[in-house]
Amino acid sequence: ELDKALATVLEAQADGIESAQTATAWKVISEATYQDLPAIFDAMDKATPLAANWIGMALDAVYESQSDAGRQLPSALLAETALDTDRALQTRKLAIELLGQVDDELVEALQSQFLHDPEAELRRPAVEKKIEEAKLAGENSSSQQQLALFKEVLGAARDSDQIQDIAKAMKELGEEVDLAAQLGHLVRWHIVGPFDNSDGRGFDASYPPESIDLKNYQGPDGIFSKVPLAGKDGPVTWKSIDASASNGNVDLNKEIEKLKDVVAYGAARFVSDNKRQVDVRLRVQNSFKIWLNGKLLMNQPVGHTGNKFDQYIVRTTLAKGENIFVIKSCQVNISGSTSFYDTWHFCVRICDSTGAAILSTDRK
């Protein structure tokens, strides 16, 4: 009966005739016991957000009825579920939430085991706790011992703000952190522009840099030669630049000119020691397109929708050896706009699925 009820809830729809069946199934689940938790957690792994909500509410009822009956939550099972990286994040969080009802100390003890967890939502609090421990260690440890603690947590950190916080503390102890390398930013770029983007036409226009791929790439002296391209107001040529060492930012207002109704391109080389899957993560405020080895990875036709760290993430596969990334950034002209709309930049980083940096093998 429980298995059938869980199957019904997993098929729950937002509305319609299924809702009555779902409510009946919810009642069956809510009358389960702690012995049924493994089956309920298995269902939670496969649940949609709507189904997860139904299951979560049912478990609240299970907890209440089992507590009233004097039964204790199986702490060991809950801890095991929370630490099981093969389970869905929503299942693991539910196990932690239930465990917190009766054993805050165990939840606190578990947190250190999330330091290298693949789920960012579980990793971040563990990293934050470790940063605080490292800072407090300065009162009772030598600077070298404290530095060792910061290095340990630096290897676990994935979020830009935490990494910069650690880097600041390490600098105060006499050691600089290469932030661009730590975050996996592409820092060596060639850029070219401006091209025309009047009335937003540039986004769909195919300018010469979009033809760059592994077949026609011949090194910097090939693509990035001084042969001029037809730009918006005359000939334009590629130029070599370095992104910001602190945040990987390429400021096109600075590197080209503060312009409107224009398009610019950036191209960066990446050498991989083997064929591998990676995340390409971008912070781009303007509308953009990005290609890898001539294949379009992602496009965002609407600009100025935000400007946060890792705003866009796309999973792709690097070829063994040389790879070429090309990004197109389109700046518009919004009459009477604030300085928010003046921003014209991009930032690209290459990492694994947890956000750990993957560096080009030719990086010095």
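User: Buried means under 20% relative accessible area, exposed means over 50%, and partly exposed is in between. In which of these classes does L214 count?

Analyst: The model is predicted. L214 sits in the loop that runs between β1 (188-196) and β2 (229-230). Its relative accessibility is 36%, which lies between the two cut-offs, so L214 counts as partly exposed.

User: Which residues does L214 touch, not counting residues up to four places away in sequence?

Analyst: L214 and G294 are 80 residues apart in sequence, yet their C-alpha atoms are 7.2 Å apart in space. With residues up to four places away left out, the residues that L214 touches are N293, E322, N323 and I324.

User: Is N293 buried or exposed?

Analyst: N293 belongs to the loop between β8 (287-292) and β9 (295-300). Its phi is near 55°, a positive value in a residue other than glycine. Most residues other than glycine have a negative phi. The relative accessible area of N293 is 19%, and the cut-off is 20%, so N293 is buried.

User: What is phi of D261 near?

Analyst: D261 is placed in the loop between α12 (252-255) and β6 (262-272). D261 is a residue other than glycine, and its phi is positive, near 55°.

User: Which residue does a cis peptide bond join to G193?

Analyst: Most peptide bonds are trans. Here omega is about 5°, and the bond is cis. The partner of G193 is found in strand β1, and that partner is P194.

User: How many residues does helix α4 give to the largest nonpolar core?

Analyst: The largest nonpolar core has 56 residues, and those touching the most other members are I29, F41, L59, L78 and I166. Helix α4 (residues 49-68) gives the most to this core, and its count is eight.

User: Which residues is I29 in contact with, leaving aside its neighbours within four places in sequence?

Analyst: I29 is among the residues that touch the most other members of the largest core. Outside its sequence neighbours, the contacts of I29 are L2, A5, L6, V9, I40, A58 and V62.

User: What relative accessibility does Q66 have?

Analyst: Q66 is found in helix α4. Beyond neighbours within four places in sequence, Q66 is in contact with A32, T33, Y34 and R71. Q66 counts as buried, with a relative accessibility of 6%.

User: How many degrees around the axis of α8 do its buried residues cover?

Analyst: Helix α8 (residues 120-137) reaches 25 Å from first to last C-alpha, close to the 26 Å expected. The buried residues of this helix are L122, R123, A126, V127, I131, A134 and A137. They lie on the same side of α8, because the arc they cover is only 165°.

User: Which helices are included in what covers the buried residues of α8?

Analyst: There are twelve helices in the chain. The cover over the buried residues of α8 includes α6 (89-100), α7 (104-111), α9 (143-156) and α10 (160-172).

User: What is the radius of gyration of the chain?

Analyst: The C-alpha trace spans about 80 × 65 × 45 Å along its principal axes. For 364 residues the globule rule gives 21 Å, and the chain is well over that, so it is more spread out than a compact globule. Its radius of gyration is 26 Å.

Conventions. Residues numbered from 1 in each chain as written. Predicted model: local features only at pLDDT ≥ 70, side-chain atom pairs only at ≥ 80, totals over all residues. Heavy atoms only, no water. Helix = DSSP H or I, 4+ residues; strand = E, 2+ residues; numbered from the N terminus. Expected span 1.5 Å × (residues − 1). Buried < 20%, exposed > 50% of the residue type's maximum accessible area, 1.4 Å probe, protein only. Arc of directions from axis to C-beta. Contact = heavy atoms within 4.5 Å. Core = buried A, V, L, I, M, F, W, Y, C linked by side-chain atoms within 4.5 Å. Rg over C-alpha atoms; globule rule 2.2 N^0.38 Å.
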